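I opened this model to look up how its sheets are put together and what surrounds two of its lysines. My entries follow in the order in which I looked things up.

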Amino acid sequence: MKALVYGNGESRKDWNVNKSYRGFTTWGCNAIYRDCKVDNLVAIDYEIQQEIYKSGYPIKNKCHFADWSILEGFDPEFVKEGFSPLNIFETPKRNDGGGYGWYDRKNCVVQGKEYETAEKNYQQMITQFPHLDKEDVKRKCFKNVGLYITWVEDKDKVNNIEFPRNWCAGATALHLTCQEGADEVYMLGFDLSDYDEPINNIYKGTDNYLSSDSKGFNTDEWVSQLIQVFKEFDETQFYWVVKKDASPLVCNNVQSITYKDLDKRCQI
C-alpha cells in the first residue's frame with residue numbers, strides 16, 4: 001500500500017494537496033483540513049482538535065486524535081473551578097439538528113493544561129537553556145494553557161490514538177500509516193527546523209498556531225521519533241520528499257526524492 005503523508009513544513013507549499021492521487025492513501029496533520037480532505041487526519045494538541053471537531057470535519061472524515069477519551073453523561077462544571085473563565089474553551093452543548101429540531105449532546109471530551117504546568121516547563125527551559133529568547137520560550141510553553149471541553153456527537157469518525165503517545169503530529173501520522181500496512185511511504189513537508197531560524201510552518205500566524213515571528217524548534221526529539229519509525233518498520237520504504245538543497249536523515253530504508261520526482265511517480 002502506498003501513502004502520501006503530509007507534514008506542514010513550508011516546502012510542500014507548491015504541492016497540490018487537493019488533487020486526487022490514484023493508488024495512494026493520504027494522511028495529514030492538524031490544520032491541513034482547512035485546505036483539503038485527507039483519508040486520515042492526525043491531531044495532537046487540544047486546541048486544534050477542538051477547532052477540527054467544531055468545524056464538523058470529523059463527522060464524515062476519519063480522524064485520529066491524541067488523548068481523545070469520551071466521557072459519557074459527564075457534567076464538567078466542577079472541573080471549571082480550577083480555571084479562569086478566560087481560559088475555558090467549550091463548544092456548544094446544544095445542536096440545532098440541521099433544521100430537524102434542537103437537542104443536547106450528552107457526551108464530551110475534557111482536556112487541558114494548567115498554568116502551573118506551563119510555568120514549571122518555562123522555568124526548566126530557561127534554566128537549562130539560558131541563551132534562548134525568553135519571550136519566545138514563554139509563548140511556546142504557555143500555548144494551549146486552559147480547559148478544553150468538546151461536546152461530541154453520538155456518531156463521528158474520530159479514533160483515539162493508542163500508540164504512539166506524546167509524539168509530534170508528523171511522526172505520529174507516519175507510525176499510524178505503517179500500522180495500517182503501508183509499505184511505500186512518501187513524506188511531504190517534513191522540514192527539520194532550527195531555533196536560530198524563523199518557525200517553519202504553513203499555518204504559522206493563524207488560529208491555534210504560533211505567531212509568524214516565532215522562532216523554530218530544536219528538532220532532536222522529532223528526529224528521534226522518526227528514526228524509531230524507520231527502524232520499527234524496516235521493511236517499509238520511506239521517500240523523504242525534499243528540495244534540492246535539503247538533506248534528510250540517512251537510514252537504510254529512507255531515500256530522498258524531489259517534488260518533481262514524486263509528481264512523475266504519481267502520474268504512473
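**Strand 1 and the parallel sheet**

I began with strand 1 (residues 2-6) and found that five bridges join it to strand 12 (residues 184-188), the two running parallel. I keep in mind throughout that this is a predicted model. To fix the register of the pair, I looked up Leu4, whose bridge partner in strand 12 is Tyr186.

I then looked at the helices lying against this sheet. Helix 1 (residues 46-55) packs on it, touching strand 3 (40-43), strand 4 (63-65) and strand 11, and the direction of helix 1 makes about 140° with that of strand 3. Helix 5 (residues 169-179) packs on the sheet as well, in touch with strand 1, strand 2 (24-29), strand 3, strand 4, strand 12 and strand 13 (237-242), and its direction makes about 155° with that of strand 2.

Going back to the sheet as a whole, I noted that it is open, has eight strands in the order 11-4-3-2-1-12-13-14, and pairs them in parallel. Its edges are strand 11 (158-160) and strand 14 (254-258), each of which pairs on one side only. From one strand to the next, I read an average twist of 25°.

**The second sheet**

Next I turned to another open sheet, made of four strands in the order 5-9-10-6, where the pairing is mixed. Here strand 5 (70-72) and strand 6 (88-90) are the edge strands, each pairing on one side only. Neighbouring strands of this sheet are turned against each other by 25° on average, with direction ignored.

Within it, I followed strand 9 (residues 107-113) and strand 10 (residues 146-152), which run antiparallel and are joined by seven bridges. In this pair, Val110 has Ile149 of strand 10 as its bridge partner. I met helix 1 again at this sheet, where it touches strand 6, strand 9 and strand 10, its direction making about 25° with that of strand 10.

**Two lysines**

Is Lys140 buried or exposed? I found Lys140 in helix 4 (residues 134-141), and because its relative accessibility is 18%, below the 20% cut-off, it counts as buried. A polar atom of the Lys140 side chain lies 3.0 Å from the backbone oxygen of Lys215. Leaving aside neighbours within four places in sequence, I listed Tyr195, Leu210, Lys215, Gly216 and Phe217 as the contacts of Lys140.

Lys143 sits in the loop between helix 4 and strand 10. With neighbours within four places in sequence again left aside, Lys143 is in contact with Asp45, Glu47, Lys113, Asn208, Tyr209 and Leu210. I checked the backbone separation for one of these, Asp45, and its C-alpha atom is 9.6 Å from that of Lys143, although their positions lie 98 residues apart along the chain.

**The protein as a whole**

Last, I took down the overall values, starting with the count of seven helices and 14 strands. The radius of gyration is 20 Å, which agrees with a compact globule, because one of 268 residues would have a value near 18 Å. Along the principal axes, the C-alpha atoms fill a box of roughly 55 × 55 × 30 Å.

Buried residues make up 47% of the 268 residues. Of the contacts between residues at least 6 apart in sequence, 63% join residues at least 24 apart. The protein exposes about 14700 Å², of which carbon and sulfur atoms supply 47%.

How values were computed
Residues numbered from 1 in each chain as written. Predicted model: local features only at pLDDT ≥ 70, side-chain atom pairs only at ≥ 80, totals over all residues. Heavy atoms only, no water. Buried < 20%, exposed > 50% of the residue type's maximum accessible area, 1.4 Å probe, protein only. Polar contact = N/O pair within 3.5 Å; in protein donor to acceptor, adjacent residues only side chain to side chain. Contact = heavy atoms within 4.5 Å. Pairing = 2+ DSSP bridges. Axes fitted to C-alpha atoms, helices over the stretch in contact; angles between N-to-C directions. Rg over C-alpha atoms; globule rule 2.2 N^0.38 Å. Areas by Shrake-Rupley, 256 points an atom, 1.4 Å probe, with all protein chains shown as cover.
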